Amino acid sequence: MERHYDALVVGAGPAGMSAASNLAERGLRVAVIDEQTAPGGQIYRAVGASPLPARAILGEDYWHGETLLRRFVGSGAAYLAQTTVWQIDRIGESWRVAVSTAGKSRLLFAAHVILATGAQERPVPVPGWTLPGVMTVGAAQVLLKTTGAVPQGATVLAGCGPLLWLYAAQVLRAGGRIDALLDTTPRSQRRAAIKHVFDFLRSDYLKKGVSLLREVKRRVKVIGDVASFAATGANALDGVDYTLADGTRGRLPVDTLLIHQGVVPNVNLSNALGCAHEWNDAQACWQPVLDAWLQSSQPGVFIAGDGSGIGGARAAETQGELAALQIAHVAGVTNAASRDDAARAVRARLARALRGRAFFETLYRPADAMRIPRGDVVVCRCEEVTAQQVVEAARLGCSGPNQLKAFLRCGMGPCQGRMCGLTVCELLAQESGTSVREVGYYTLRFPTKPLTLAEIAALPATEEGEKSIVTA
């Protein structure tokens, strides 16, 4: 297997497949590194081998992934499946990427790296969210796409955002059962979103969104204006208590509670690599700082797709193409004029794909109560740290998330802050009376994924006869 490439792409979702296809078709040596068994990412997961009996279950937007997949497979780009990137560092003029496959590590080298790591679901730290029987909507959708499984027994969805409604519709089409949907979208945000309605009305989202809402509301009990909710049960989930904005309380018996408060960029790899990040207040998350070609503050490292800021699958696809255009130019395959000519059409498609996003960002921005817990609600699942413990650490003088590691070990578990980072930052900012920008985020270190000694031992020796181990 080759070790040296013109570009290494991390992630085989829409951005990764699009970037790799464009580069490979121009004759560049490119490989895509992916933790999954097949290309598609989260949005197009299992698109090449769906177990579902009818295409209508997942909808035509999902099946657009077939077009991307066919092009990617035919492009000649190498695909490294079930492979994890755990370190990236600069060696001379190249980027060195340490990866593991089947428990064995090896080193790959490239002039350019494209991070197409996509999004992750925002943590929903509500009371009882760690109980057996509580899952995220995204996790449940993975089961649907890969195995055709739908929830059994009494099932309630709780939260806000388009994925909540899409998944509900998909389950119903698959013959599954949804007993109720608790909508936590604040009424005030519906009014605030009106200022962005013009672009929304001109977007593709309008027809799709209205159709989804009608489809779900015809068959599911929708409870709106939910201000808070909590999963209940001793050792397993038995119900969900909720409170409406007007103070009305209710309870639903439930076997499965699926929660969701939108998605956020997956920034762990870009953070550990030292790329500059900024706080996006509209989406209430951190995202990398990029130039017009999606290059990060680290020269030669590009970030495309939802990992650069949430924009959806079609936007991710065009961003992958945009990054590829610049890399092809730097590699000497195309000149500036041809790059810019091609980029104009790509940027126009990107603008169309993003049209209407401001409406969604305003409407579905998670309420404070959904993002910033209190009391004994678990914040850091790895170290079992509660919101109250974080608050008490702040009162003792803890000024930021990195110092909090010394107090409570938050962010030092196997997930390396993926499940607690945003919550910890907002808790510390609220308690200290400062902004999240001032508080900052975890400084992450390689390796970004758990690593065994055997994987390190499998690395090749350097010219000096020592193992090529790079530690932070």
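In this short talk I will go through the sheets, the aromatic residues and the cysteines of the structure shown above. Please keep in mind throughout that this is a predicted model.

Let me begin with the sheets. As a general reminder, the strands of a sheet pair through backbone hydrogen bonds, and they do so either parallel or antiparallel. One sheet here is open and has five strands, which follow the order β8-β15-β9-β10-β11 and pair in the parallel sense. Its edges are taken by β8, residues 134-136, and β11, residues 221-223, and each of these has a single partner strand, so one side of each is left without a neighbour in the sheet. Going from one strand to the next, the twist averages 20°. If you would like to follow one pairing in detail, look at β8 and β15, the latter covering residues 256-261, which are joined in parallel by three bridges; within this sheet T136 has I259 in β15 as its bridge partner. Across β9, β10, β11 and β15 lies helix α5, residues 162-173, and this helix runs at about 155° to β9.

There is also an open sheet of three strands, in the order β12-β13-β14, and here the pairing is antiparallel. The strands at its edges are β12, residues 226-232, and β14, residues 249-253, each of which pairs on one side only. Strand β13, residues 239-244, is joined to β14 by five bridges, with the two running antiparallel, and Y242 finds its bridge partner in β14 at G250.

I turn now to the aromatic residues, where the structure holds ten aromatic pairs. One of them is F200 with F359: the ring centres are 4.2 Å apart and the planes stand at 15°, so this pair counts as stacked. F200 belongs to helix α7, residues 197-201, while F359 belongs to helix α12, residues 357-363, and so the pair ties together parts that are 159 residues apart in sequence. Both F200 and F359 are buried. Another pair, W279 with W286, is edge-to-face, with 5.3 Å from centre to centre and 70° between the planes. These two tryptophans are also buried, W279 at 8% relative accessibility and W286 at 9%. Coming back to F200 and F359, they form one aromatic cluster together with Y205, F360 and Y364.

Some rings have a charged residue over them. The charged end of R347 sits over the ring of W293, at 4.6 Å from its centre, and R381 lies over the face of W129, where the distance to the ring centre is 4.7 Å.

Finally, the cysteines: how many disulfides are counted here? The count comes to zero, and two cysteines can show us why, if we recall that a disulfide needs two cysteine sulfur atoms within 2.5 Å. For C285, the closest cysteine sulfur is that of C425, which is 12 Å away and therefore too far for a bond. For C420, the closest is the sulfur of C380, and because the distance is 4.3 Å, this too is too far for a bond. Are these two cysteines, C285 and C420, buried or exposed? C285 counts as buried, at 1% relative accessibility, and C420 is buried as well, with a relative accessible area of 1%.

Methods: Residues numbered from 1 in each chain as written. Predicted model: local features only at pLDDT ≥ 70, side-chain atom pairs only at ≥ 80, totals over all residues. Heavy atoms only, no water. Pairing = 2+ DSSP bridges. Helix = DSSP H or I, 4+ residues; strand = E, 2+ residues; numbered from the N terminus. Buried < 20%, exposed > 50% of the residue type's maximum accessible area, 1.4 Å probe, protein only. Phe/Tyr/Trp six-rings, centres within 6.5 Å; stacked < 30°, edge-to-face > 60°. Lys NZ or Arg CZ within 6 Å of the ring centre and 35° of its normal. Axes fitted to C-alpha atoms, helices over the stretch in contact; angles between N-to-C directions. Contact = heavy atoms within 4.5 Å.
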